[in-house]
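Me: I would like a close look at one part of this protein, set in the context of the whole chain.

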Amino acid sequence: MSHSYHHAVSSAKRYGGQPEDYQEIHSWFDETKRIMADARHRALRHHAEGIFLCESIFGVTITNSVGKKVPVRLIAEQHVTEDMGGIPSAVDWLRNIPLEQWMNRPQRLQVEIDLFAPVEAAPSLEPIPDEEFYKSAI
Ligand SMILES: [Zn+2]
């Protein structure tokens, strides 16, 4: 499994500057190893949606130490491709997660409980007319 530093060295060779110019982006991709220390950690960011998320976090471009603007998406695509040989979608990952019963045990929301409560228990929206109201209607 590639270390994020090696991805940063690769970026520096490809786009110029120093590995440190790219380290933060590559570390972001691989910091999910703290959750699961095998290749499955990649399910969280190593996909097309993760690449766009990376761009939204780091911006459209970074300026490296030689003053060159480099698109963040290209750096991100490089990382994912170096790790996986291509760019999967998040759906590619999700399809491989077995659907477990614990994933779908919805509890009734309070709004649903209120909606289906007996009418007499629901608060009235209209004030109840008093005797004077009925006298004036005659
Ligand atoms: Zn990676």
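How many helices and strands does the secondary structure of the protein come to, and what surrounds H79 in helix α4?

Reply: This is a predicted model, in which local features need pLDDT of at least 70 and side-chain atom pairs count only at pLDDT 80 or more, while totals for chains, interfaces and linings use all residues. Residues are numbered from 1 along each chain as its sequence is written.

The protein has seven helices and two strands (DSSP runs numbered from the N terminus, with helices being H or I of at least four residues and strands E of at least two), and their order along the sequence is α-α-α-β-β-α-α-α-α. Of its 138 residues, 15% are buried (20 or more other C-beta atoms within 10 Å of the residue's own, against 12 or fewer for exposed and partly exposed in between, with C-beta atoms placed from the backbone).

H79 belongs to helix α4, and H79 counts as buried because it has 27 C-beta neighbours inside 10 Å. Leaving aside residues up to four places away in sequence, H79 touches H7, H26 and F29 (contact meaning C-beta atoms, placed from the backbone, within 7 Å). H79 also lies 9.3 Å from I51, C-alpha to C-alpha, although 28 residues separate the two in sequence.

The largest nonpolar core (buried Ala, Val, Leu, Ile, Met, Phe, Trp, Tyr and Cys residues joined through C-beta atoms within 7 Å) has nine residues, namely A8, Y22, I25, I51, C54, V72, I75, A76 and V80. Two or more of these residues come from each of α2 (20-30), α3 (48-58) and α4 (72-84), with α4 giving the most, four residues. One core member, A76, touches I25, I51, C54 and E55, again not counting residues up to four places away in sequence.

How values were computed:
Contact = placed C-beta atoms within 7 Å.
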